[in-house]
Amino acid sequence: MDKEPFSVEWLAQSSRGGAREMPGESRPEGSPAGSRLQTPPSVPADSPRDREAAERRSPAHEALSAGAAPGRPRTKFSAAQLQELERSFCQQRYIGAGEKRRLAAVLNLSQSQIKTWFQNRRMKFKRQTQDAR
């Protein structure tokens, strides 16, 4: 029985170095059968970790890490906005939908900005309490 390319049996053989040629594929002259492992065309040759490392070394990534953000610029909260956000955070660390809408309207911010501020503030609070121990 011939094993279909990329079947479980074929992949098991290929991992042991005994893979058969793909139909219509030729080997370099003098190379033994199975000397080259086959990978399905839909599977990239390198791993996600390799791609991420390559992206970190790329000039485009260096420009991003140098301060140029690709999306929305960082929000600079005013002193009044921070005061109101901190006051609300002191009352309750997790913001409800109604309070989020109210703060967004009063502070002229989006609800997602309010939500993100609370998430970041909780992380800051967590770091501060862990450092205090």
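Which residues line the largest pocket? In this predicted model, the lining is made up of R74, T75, F77, L82, Q113, T116, W117 and N120.

## The overall picture

Let's step back and take in the whole chain. The protein has 6 helices and 0 strands, so reading from the N terminus the elements simply go α-α-α-α-α-α. Of its 133 residues, 19% count as buried.

How do distant parts of the chain meet? Take the contacts between residues at least 6 apart in sequence: 36% of these join residues at least 24 apart.

## The largest pocket

Back to the pocket. The volume of the largest pocket is about 250 Å³. Sorted by class, its lining has 3 nonpolar, 4 polar and 1 charged residues.

Which helix gives the largest share of that lining? Helix α6, covering residues 111–132, does, with 4 residues.

## Helix α6

Helix α6 is worth a look of its own. Its 22 residues, at 1.5 Å each, should span 32 Å, and the C-alpha atoms at its ends are 31 Å apart, so the expected and modelled spans agree.

Some of α6 is tucked away: Q113, I114, W117, F118, R121 and R122 are buried. What lies over these buried residues includes α4 (79–91) and α5 (97–107).

## Q113, a pocket residue

Q113 sits in helix α6 and is also one of the residues lining the largest pocket. Is Q113 buried or exposed? Its relative accessible area is 14%, and since the cut-off for buried is under 20%, Q113 counts as buried.

Its side chain reaches the backbone nitrogen of S110 at 2.8 Å. Setting aside residues up to four places away in sequence, Q113 touches R72 and T75. T75 is another of the residues in the pocket lining.

## The loop before α6

Two residues in the loop between α5 and α6 make a nice contrast. N108 is in that loop, and at 68% relative accessibility it counts as exposed. N108 also has a positive phi, about 60 degrees, although it is not a glycine.

L109 is found in the loop between α5 and α6 too, but L109 is buried, with a relative accessible area of 12%. What does L109 touch, leaving aside neighbours within four places in sequence? Its contacts are T75, F77, Q81, A104 and I114. As for F77, its C-alpha atom and that of L109 are separated by 9.3 Å, with the two residues 32 apart along the chain.

## L85 in helix α4

Over in helix α4 we find L85. Is L85 buried or exposed? L85 counts as buried, because its relative accessibility is 0%.

Leaving aside neighbours within four places in sequence, L85 is in contact with F77, L103, L107, I114, W117 and F118. Among these, I114, W117 and F118 are buried residues of α6, while F77 and W117 belong to the lining of the largest pocket. The C-alpha atoms of L85 and W117 are separated by 8.2 Å, though the two residues are 32 apart along the chain.

## Pulling it together

A few names keep coming back. F77 lines the largest pocket, and it is in contact with both L109 and L85. I114 is buried in α6, and it too is in contact with L109 and L85. W117 is a buried residue of α6 that helps line the largest pocket and is in contact with L85 of helix α4.

Conventions: Residues are numbered from 1 along each chain as its sequence is written. This is a predicted model: local features need pLDDT of at least 70, side-chain atom pairs count only at pLDDT 80 or more; totals for chains, interfaces and linings use all residues. Side-chain values use heavy atoms; hydrogens and water are left out. On a 1 Å grid over the protein atoms alone, a cavity is a set of points where a 1.4 Å probe fits but cannot get out, and a pocket is an open set with protein on both sides within 12 Å along at least five of seven lines; lining residues have an atom within 4 Å of a point. Grid points are joined across faces, edges and corners, and a volume is the space filled by probe spheres set on the points. Ala, Val, Leu, Ile, Met, Phe, Trp, Tyr, Cys and Pro count as nonpolar, Asp, Glu, Lys and Arg as charged, and the others, Gly among them, as polar. Buried means under 20% relative accessible area, exposed over 50%, partly exposed in between (1.4 Å probe, protein chains only). A polar contact is a pair of N or O atoms within 3.5 Å; within protein, one must be able to donate a hydrogen and the other to accept it, and residues adjacent in sequence count only if both atoms are side-chain atoms. Contact means heavy atoms within 4.5 Å. The expected span of a helix is 1.5 Å times one less than its number of residues.
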